[in-house]
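Good morning, and thank you for the opportunity to speak. I should like to take you through one structure, beginning with a single residue and then widening the view.

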Amino acid sequence: MASCTASPYEILGLSSGASSQEIKAAYRRLARVLHPDVVAAGRKEWSASEFIKLHAAYSTLSDPEKRAADERPRAAARTTRRGRPLTVVMPGASAYKFGRNWETDQCW
């Protein structure tokens, strides 16, 4: 299992493009191993904490709204380069529409 800072995909051992059937199958497979009623007596406390993480990851990824909300920060992190956000130019937008024109921007 991954640490508590791991993404739900890492906890379930899946890629970010996993389908709902793959998410459910991974959850069931890991739940059979990590459930506190199944493990040895000495590992029940560890198993309970890992099972809680597993269930939280599954509940996030099985709900489409929660999954989309979880993906937003990851998508924003991927759009940065060297600690700076990438510049996004909207279609039809130009730097010259904001009080600047071609003549005043020239270096004479």
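A residue is called buried when its relative accessible area is under 20%. Thr60 has a relative accessibility of 18%, so it counts as buried. Please keep in mind throughout that this is a predicted model.

Where does Thr60 lie? Thr60 is part of helix α3. Leaving aside residues up to four places away in sequence, Thr60 touches Pro8, Lys66, Arg67 and Asp70. Consider Asp70 in particular: Thr60 and Asp70 are ten residues apart in sequence, and their C-alpha atoms are 7.6 Å apart in space.

Let me now turn to the chain as a whole. The protein chain contains four helices and two strands. Read from the N terminus on, the order of these elements is α-α-α-α-β-β. Of the 108 residues in the protein chain, 24% are buried. If we take the contacts with a separation of 6 or more, 45% of them are between residues 24 or more positions apart.

I come next to a pair of helices. Helix α2 covers residues 20-34 and helix α3 covers residues 44-62; their axes come within 10 Å and cross at roughly 170°. Angles over 145 degrees count as roughly antiparallel, and α2 and α3 are therefore roughly antiparallel to each other.

Which residues of α2 and α3 meet? On the α2 side they are Ile23, Lys24, Tyr27, Leu30, Ala31 and Leu34. On the α3 side they are Trp46, Ser47, Glu50, Phe51, Leu54, His55, Tyr58 and Leu61. Sorted by class, this contact of α2 with α3 comprises ten nonpolar, two polar and two charged residues.

Two residues from that contact deserve a closer look, namely Tyr27 and Tyr58. How many aromatic pairs does a search of the whole structure find? The search finds one. The ring centres of Tyr27 and Tyr58 are 4.2 Å apart and the ring planes are at 15°, so the pair is stacked. This pair links distant parts of the chain, since Tyr27 belongs to helix α2 and Tyr58 to helix α3, 31 residues apart. Are these two tyrosines buried or exposed? Tyr27 is buried, with a relative accessible area of 14%, and Tyr58 is buried as well, at 19%.

Finally, I turn to charged side chains. A search of the whole structure finds one salt bridge. The side chains of Glu50 and Lys53 form a salt bridge, with a distance of 3.3 Å from N to O. Glu50 and Lys53 are three residues apart in helix α3, so about one helical turn separates them. Their surroundings can be stated in the terms with which I began. Glu50 is buried, with a relative accessible area of 7%, whereas Lys53 is partly exposed, at 24%. Glu50 also appears in the contact of α3 with α2.

To close, I return to helix α3, which holds Thr60, Tyr58 of the aromatic pair, and both Glu50 and Lys53. Thank you for your attention.

Terms used:
Residues numbered from 1 in each chain as written. Predicted model: local features only at pLDDT ≥ 70, side-chain atom pairs only at ≥ 80, totals over all residues. Heavy atoms only, no water. Axes fitted to C-alpha atoms, helices over the stretch in contact; angles between N-to-C directions. Parallel < 35°, antiparallel > 145°, perpendicular 65-115°, else oblique. Contact = heavy atoms within 4.5 Å. Nonpolar A, V, L, I, M, F, W, Y, C, P; charged D, E, K, R; others polar. Salt bridge = Lys/Arg side-chain N within 4 Å of Asp/Glu carboxyl O. Buried < 20%, exposed > 50% of the residue type's maximum accessible area, 1.4 Å probe, protein only. Phe/Tyr/Trp six-rings, centres within 6.5 Å; stacked < 30°, edge-to-face > 60°.
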